[in-house]
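The report that follows goes through the strands, a helix, the ligand surroundings and the domains of one protein. Please keep the sequence and the model at hand while reading.

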Amino acid sequence: MLEIAALDKPAGILCRHNTGQACGIYPERPEACIQWHCLWRRIGALPDALRPDRSGVVFALERGRPGADATEGACIVGRALDGEQAFARWEAVEAFAMFVREGSLPVWKAYDRHATLMHPGPDVPGR
Ligand code: SF4
């Protein structure tokens, strides 16, 4: 459960518009919701074990690095939902490795208000 600033919804709190089956304001949902894409639902290569409620990590395509106020360009963010220990699970390790190998977008690991850039690393030319 991610932070949605437009709704004053902190991370970790269920959205008041969640009906239990769908978004109760889907046609009018905030831009942050429109722009957010869960990669487990979109990428067939990701195993069932990586479903966010099973793995504790949600991978998403986001519009800027974690915590940035402005959009800075697309990146992949793997966010631990209930604790950093979820990053140690094999399915999360494999997924981070896959996104880093693919290499077309920056990859961030995030938990709470902390974020670590996984890719590109410091040895990439032009950084
Ligand atoms: S999509 Fe709807 S239910 Fe989900 S966080 Fe946005 S407003 Fe809330």
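## Strand S3 and its neighbours

In this predicted model, strand S3 is joined by five bridges to strand S4, which spans residues 107-111, and the two strands run parallel. Within this pairing, Gly78 has Lys109 of S4 as its bridge partner. Between the two strands the chain passes from S3 through helix H4, residues 90-102, and the resulting β-α-β crossover to S4 is right-handed.

S3 also pairs with strand S2 (residues 57-62), here in the antiparallel sense and over six bridges. Gly78 takes part in this pairing as well, since Phe59 stands opposite Gly78, and Leu61 has Ile76 in S3 as its bridge partner.

## Burial of the strands

How many of the six residues of strand S3 are buried? Six of the six residues in this strand, residues 75-80, are buried, so S3 is largely enclosed by the rest of the structure. This holds for both directions in which its residues point: Cys75, Val77 and Arg79 point one way, Ile76, Gly78 and Ala80 point the other way, and all of them are buried.

S2 is mostly covered too, with five of its six residues buried. Besides its pairing with S3, S2 pairs in the antiparallel sense with strand S1, residues 37-38, over two bridges, and in that pairing Cys38 stands opposite Ala60 of S2.

## Glu91 in helix H4

Helix H4, the helix of the crossover described above, contains Glu91. Is this residue buried or exposed? Glu91 has a relative accessible area of 3%, which is under the 20% cut-off, and therefore counts as buried. The side chain of Glu91 is joined to the side chain of Arg89 by a polar contact of 2.9 Å.

## Surroundings of the ligand

Which residues are around the ligand? They are Leu7, Cys15, His17, Asn18, Cys23, Ile25, Pro30 and Cys33. Sorted by class, this shell holds six nonpolar and two polar residues, while charged residues are absent from it.

## Domains

The domain assignment of the protein divides it into domain 1, covering residues 1-30, and domain 2, covering residues 36-119. Taken over C-alpha atoms, the centres of domain 1 and domain 2 are separated by 20 Å.

How values were computed
Residues numbered from 1 in each chain as written. Predicted model: local features only at pLDDT ≥ 70, side-chain atom pairs only at ≥ 80, totals over all residues. Heavy atoms only, no water. Buried < 20%, exposed > 50% of the residue type's maximum accessible area, 1.4 Å probe, protein only. Helix = DSSP H or I, 4+ residues; strand = E, 2+ residues; numbered from the N terminus. Pairing = 2+ DSSP bridges. Right-handed = clockwise from strand over helix to strand, strands pointing away. Near = heavy atom within 4 Å. Nonpolar A, V, L, I, M, F, W, Y, C, P; charged D, E, K, R; others polar. Domains from an automatic or database assignment. Polar contact = N/O pair within 3.5 Å; in protein donor to acceptor, adjacent residues only side chain to side chain.
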